[in-house]
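Thank you all for making the time this morning. I would like to walk through one model with you, starting from a single side chain and working outwards to the whole chain.

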Amino acid sequence: MNPLQIQIDALDPTSPERTGALVDLILAAAVARGASDVHFEPTDHSLDVRFRLDGVLQPVAILTRDLAVNVVARLKVLAELLTYRRDVPQEGRLTNGLVRFGADMRVSTFPTIHGEKAAVRIFGAGVGVLDLEQLGLPDSLLVQLRTLFLERNGAIFLTGPSGSGKTTTLYACLRHLHVESRGGRHIVTIEDPVEQVLEGVTQSQARPGGEFDFARGLRSLLRQDPEIIMVGEVRDSETAHIAIEAALTGHLVLSTLHAGSACGVISRLVEMGIETYLLTSGLKGILNQRLVRRMCTACRRQAGADWEAPGCEHCYGAGFRDRVLLAELVTLDAPLRQAILGRADTAELERAALQSGRPTIWTTAEQALADGLTTRAEITRVLGPRS
C-alpha cells in the first residue's frame with residue numbers, strides 16, 4: 001500500500017473534520033510529488049484518486065463510496081462553487097491555494113452516472129520561470145529561436161497537445177525577450193489563466209465567454225503601444241485575424257494554437273480565414289513540441305544496447321522521473337511559402353518543409369533515445385508510430 005493511502009486510512013472516521021483533512025492531505029501530497037492534476041473519479045463502489053505525474057495518470061488512493069459527495073462538496077466550498085448544483089459542470093479557483101499549498105489550483109466538476117467527478121489543475125508548484133537554455137532544446141534550434149526574437153514584427157506560434165509544456169516555453173521566451181532588451185521593449189500578455197507572474201511584463205487575464213475575451217483584449221492592447229504581445233491561445237477566427245494583423249503592423253506576436261503538427265498550424269489558420277498571402281508575410285515560425293518521460297536516473301541501467309529503469313523509491317516505482325522536451329522549429333523558406341500560396345494541404349506542406357533538410361521532432365526523439373534519456377516505447381506513446 002502506498003504512503004498516501006496509509007495516511008488516509010489513519011484518519012479518524014468519526015471526526016467531523018475528516019473530510020477537510022482528507023482533501024488537504026491529498027492536495028498537499030499532489031503538490032509535493034509534482035502532480036499537474038488530481039482526479040477524483042466516482043465509480044459504483046468507490047471514489048478513485050489519481051495524480052497526473054509527468055503526463056501520465058497514476059492511481060494513488062481509493063476512498064470509500066460514502067465519501068464521494070462530501071469530498072467533492074469540500075472542493076466546491078474551497079473553490080467557492082455552488083454545492084447544491086450537482087447537475088451542471090462548474091469551474092472555479094481554489095481560494096488561498098498559494099498560501100495553503102504553495103500552488104495555484106483550479107477546480108472543475110462534472111456530473112457523471114456515478115455522481116460528480118472533480119479535477120484539480122495545479123499551476124506552478126515550486127517551479128520558477130525557466131530560461132530558454134533550461135528547457136532542453138537542441139543548440140541548433142535555440143540559435144534559430146534567438147534569431148527569430150530579433151525580429152521587430154511577425155507571429156511565432158507554439159503547438160502541441162494539452163500538457164506538452166507550451167506555457168512553460170512561452171514564459172521562457174518572454175523572459176528571454178525582457179532580459180535581452182534590458183526592459184526596453186514593452187511586453188504585454190493576455191492569458192487564461194495567468195500561471196506565473198513575470199517581472200517586467202504586463203500581464204492580464206481574459207475571461208472567455210465574458211466581455212473580456214482574447215479577441216477583445218487583443219484589440220484593446222493594440223492601443224496600449226505594445227511591442228511584444230503574447231496571446232495565451234488563438235481559439236477562434238477573430239483572434240487569429242487580429243493576431244496576424246498585429247504581426248503585420250510592427251508587433252512581435254507569440255501565441256499557441258492546437259494542431260497535430262507544425263504545418264497543421266498553417267492549415268488551421270487558413271481554415272480560420274487567414275489569407276495565404278498574409279500568412280507568408282506575417283508568420284515567422286512555428287515551434288512544435290512534446291514532452292516524454294525521462295528515465296529515472298536513480299534506477300536506470302544498461303540493458304543490452306538500450307537502457308531500462310525498473311522503478312525505485314525515488315520514482316515511486318514508475319521507472320520515470322521528470323520529462324524531456326522534444327521539439328522542432330519550422331520557418332518559412334521559399335518551398336514552404338509557395339506551398340502555402342498554392343493552398344496545399346497539411347501533408348503537402350510537410351513535404352515542402354522537409355526540403356530544407358531541417359531537423360524534425362523525430363530527430364530530437366532519436367537523440368534522446370541515443371542519450372539514454374527515455375525509451376522507445378515512451379516515444380511511441382507520445383509521438384505515435386513513425387510513418
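**From one arginine outwards**

Arg152 has a relative accessibility of 48%, and it therefore counts as partly exposed, since the exposed class begins only over 50%. Before I go further, please keep in mind that what you see is a predicted model.

What does Arg152 do with its side chain? It meets the side chain of Glu227 in a salt bridge, with 3.7 Å from N to O. This pair links distant parts of the chain, because Glu227 lies in the loop between α7 (214-221) and β10 (228-231), while Arg152 lies in the loop between α5 (139-148) and β7 (154-159), 75 residues apart. Glu227 is also partly exposed, at 28% relative accessibility.

A second pair invites a similar reading. The side chains of Arg343 and Glu275 form a salt bridge at 3.5 Å, again taken from N to O, and this pair too links distant parts of the chain, with the two positions 68 residues apart. Arg343 is in the loop between α11 (334-341) and α12 (346-354), and Glu275 is in the loop between α9 (262-271) and α10 (276-282). As for accessibility, Arg343 is exposed, with a relative accessible area of 51%, whereas Glu275 is partly exposed at 35%.

Are the partners in the salt bridge between Arg106 and Asp104 buried or exposed? Both Arg106 and Asp104 are buried, and their closest N and O atoms are 3.0 Å apart. There is also a network of salt bridges, in which Asp37, Arg52 and Arg121 are linked. Over the whole structure, the search finds 22 salt bridges.

Let me turn to the backbone, where a few residues deserve a careful look. As a reminder, most residues other than glycine have a negative phi, and most peptide bonds are trans. Arg343, which we have just met as a salt-bridge partner, has a phi near 55°, a positive value in a residue other than glycine. Asp54 likewise has a positive phi, of about 55°, although it is not a glycine, and its place is in the loop between β2 (46-53) and β3 (56-64). Which peptide bond is cis? It is the bond from Asp192 to Pro193, with omega near 0°, and Pro193 is found in the loop between β8 (187-191) and β9 (202-205).

Stepping back to the overall fold, the protein chain has 14 helices and 15 strands. Its C-alpha atoms fill a box of roughly 70 × 60 × 40 Å, taken along the principal axes. For 387 residues, a compact globule would have a radius of gyration near 21 Å, and the 23 Å of this chain agrees with that. Buried residues make up 48% of the 387 residues, and among contacts between residues at least 6 apart in sequence, 60% join residues at least 24 apart.

Finally, the surface and the charges. The chain exposes about 18400 Å², of which carbon and sulfur atoms supply 50%. It carries 41 positive and 46 negative charges, and the mean positions of these two sets are 0 Å apart.

If you take one picture away, let it be Arg343, an exposed residue in the loop between α11 and α12, with a positive phi and a salt bridge to Glu275.

Note on methods. Residues are numbered from 1 along each chain as its sequence is written. This is a predicted model: local features need pLDDT of at least 70, side-chain atom pairs count only at pLDDT 80 or more; totals for chains, interfaces and linings use all residues. Side-chain values use heavy atoms; hydrogens and water are left out. Helices (H or I, at least four residues) and strands (E, at least two) are DSSP runs, numbered from the N terminus. The radius of gyration is taken over C-alpha atoms; the globule rule is 2.2 Å times the number of residues to the power 0.38. Buried means under 20% relative accessible area, exposed over 50%, partly exposed in between (1.4 Å probe, protein chains only). Contact means heavy atoms within 4.5 Å. Accessible areas come from the Shrake-Rupley method with a 1.4 Å probe; for residues, only the protein chains shown count as cover. Lys and Arg count as positive and Asp and Glu as negative; His and the chain ends are not counted. The place of a charge is taken as NZ of Lys, CZ of Arg, CG of Asp or CD of Glu. A salt bridge is a side-chain nitrogen of Lys or Arg within 4 Å of a carboxyl oxygen of Asp or Glu.
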